[in-house]
There are 2 protein chains.
Amino acid sequence: MAMSREQIMTAAIQHLNKDPSASVAQLAEAVGISRATLHRQFSNREELMLALARRGHDQWEQAQLAAGLDAATASGDRKTLEKALNDLLIGLIKIADEYGFGLTDHALAVHPELARRAEELEAREIAFYTAAQRAGLLSTELPVRWISDVVYGLMVAVREGLRRGDVARRDAPRLLLDTFARGAVPRRES
Amino acid sequence: MAMSREQIMTAAIQHLNKDPSASVAQLAEAVGISRATLHRQFSNREELMLALARRGHDQWEQAQLAAGLDAATASGDRKTLEKALNDLLIGLIKIADEYGFGLTDHALAVHPELARRAEELEAREIAFYTAAQRAGLLSTELPVRWISDVVYGLMVAVREGLRRGDVARRDAPRLLLDTFARGAVPRRES
DNA sequence: ATCGTTTGCGACAATCTTGTCTCAAATGCT
DNA sequence: AGCATTTGAGACAAGATTGTCGCAAACGAT
């Protein structure tokens, strides 16, 4: 049975999460096909990486969509924004887990097309965070770009926690939301 | 004037922060010496990387020392723990900035000796976080290993924020401490 | 069973990287 | 100025990676 492009990509990503510097030969082996067949689907290594990254970006965008990010931003309504924030972060967990290697891969970050796309996606979130600040949902003492960096960093943390088994998969959403919202220091016990 | 080992390492790190996959030839050029000279100081690529990582780990340990981590852990005193936590996080910022590429480099993470050393250093922090939890300084609702992952993730966030210019260097400590302690959602405005 | 397609295998050239070596030039010390 | 050491430049071989190709085997649909 022919391996579909999608199947190849999924298996390739899983292996890249284990070894981000895997060669094309190693990826083909991990997928369970020959190098020639892999090259018939993706003529370049870069083409494969691009396809992976694009799918990751698509999922990212999908998470934003599913969370109703833009609508929430436009509404300015606190409850709506809060729901969207939670949905977004929970959606991003899955992506961080599945596409983890891409979080910190330099080649992807440097690629012009991918960088542009990532910027667009970030820009949407930044607009969203700004609206959330205005609604009193996010602290105005933190620069909005820092908030975006924190979300990124926490995704790296989630990935690491899951990878090392520090965090049970079903606990990840609660831990992430808790930490992002309230930090690690308990409220005054006064 | 002869380039000292230390000077080579510093220049190499700076370049690796820009391009984590730089070849030995590129590193030598960035340092301003010939490849032959670089190889006279570090016979292997691995030896160079090891030396860099070891220095990073030394600085990490130094930051723990300077923060009085172990003493604070042993004391169990809340004020002492709080001061140590702040000092630690601020100390780590500098390391994340200087050795940033090492935060997410897979080859380093996989190297047995380095992994062992990192584990030891983490173990100290985990003991410290545990003490901080007992003293009511850190939330007991968060698994201590997750707290450790969060610190790691926030270091990645700091590095990213500094690299992209999202965060002014002098603001980094406040933003990091604020975010780690209280999260991004403001306290009830009641 | 047959025909057309897809696959794996192996070979291949091109490129890059790494580590070594030699030798002449530069440097530093006295 | 003279001498010992260090450096850079370049050549070199070995190895790995990448992308291509041809061909025989496997496969799938009819």
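This is a chat about a predicted model of two protein chains and two DNA strands.

Biologist: Before we dig in, what are the ground rules for this one?

Modeller: It's a predicted model, where local features need pLDDT of at least 70 and side-chain atom pairs count only at pLDDT 80 or more, while totals for chains, interfaces and linings use all residues. Residues are numbered from 1 along each chain as its sequence is written, chains are lettered from A and ligands numbered from 1 in the order in which they are written, and side-chain values use heavy atoms, with hydrogens and water left out.

Biologist: OK, how many helices and strands does chain A have?

Modeller: Chain A has 11 helices and 0 strands. Those are DSSP runs numbered from the N terminus, with helices being H or I of at least four residues and strands E of at least two. The C-alpha trace of chain A spans about 65 × 35 × 30 Å along its principal axes.

Biologist: On to the DNA. Which residues are closest to strand D?

Modeller: Val24(A), Arg35(A), Arg45(A), Thr37(B) and Arg40(B) are the closest, out of 17 residues that surround DNA strand D. A residue is near a strand if one of its heavy atoms lies within 4 Å of it. Of the strand D atoms that come within 4 Å of the protein, sugar and phosphate account for 47%.

Biologist: Which contacts go to the phosphates of strand D?

Modeller: Thr37(B) has a polar side-chain atom 2.3 Å from a phosphate oxygen of strand D. Val24(A) uses a backbone N or O atom, 2.9 Å from a phosphate oxygen of that strand, and a backbone N or O atom of Ser34(B) lies 3.1 Å from one. A polar contact here is a pair of N or O atoms within 3.5 Å; within protein, one must be able to donate a hydrogen and the other to accept it, and residues adjacent in sequence count only if both atoms are side-chain atoms.

Biologist: And which element gives the largest share of the surface near strand D?

Modeller: That's α3(B), with 4 residues. α3 of chain A and α3 of chain B, both 35-41, each supply at least two residues there.

Biologist: What about strand C, which residues come nearest?

Modeller: Thr37(A), Arg40(A), Val24(B), Arg35(B) and Arg45(B) come nearest, of 18 residues around strand C. Sugar or phosphate makes up 48% of the strand C atoms within 4 Å of the protein, and the rest belong to bases.

Biologist: Which residue has a polar side-chain atom by a base nitrogen of strand C?

Modeller: Arg35(B), with a polar side-chain atom 2.8 Å from a base nitrogen. For the phosphates of strand C, a backbone N or O atom of Val24(B) lies 2.8 Å from an oxygen, and one of Ser34(A) lies 3.1 Å from an oxygen.

Biologist: What does UniProt annotate in chain A?

Modeller: An unreviewed UniProt entry puts a "DNA-binding region" at residues 23-42 of chain A. UniProt positions are in the numbering used here, feature names are shortened, and annotations may be inferred rather than shown by experiment. In the model, that span is 75% helix and 0% strand, with its end C-alpha atoms 14 Å apart.

Biologist: Switching to the protein-protein side, how many residues does the contact take from each chain?

Modeller: It takes 44 residues from chain A and 44 from chain B, where contact means heavy atoms within 4.5 Å. The buried area is about 3800 Å², and carbon and sulfur atoms give 59% of that. Buried area is the accessible area (1.4 Å probe) that two parts lose on being put together, summed over both. Trp146(A), Ala184(A) and Val185(A) supply 16% of what chain A buries against chain B, more than any other three residues.

Biologist: How many salt bridges cross that interface?

Modeller: The rule finds 4, a salt bridge being a side-chain nitrogen of Lys or Arg within 4 Å of a carboxyl oxygen of Asp or Glu. Arg164(B) and Asp149(A) meet in a salt bridge at 3.9 Å, N to O. On the side of chain A that touches chain B, α10(A) gives the most, with 13 residues.

Biologist: And within chain A, what does Arg117(A) pair with?

Modeller: Arg117(A) forms a salt bridge with Glu61(A), with the closest N and O atoms 2.7 Å apart. Arg117(A) lies in helix α9 (residues 112-134) and Glu61(A) in helix α4 (residues 45-67), so the pair ties together parts of chain A that are 56 residues apart in sequence.
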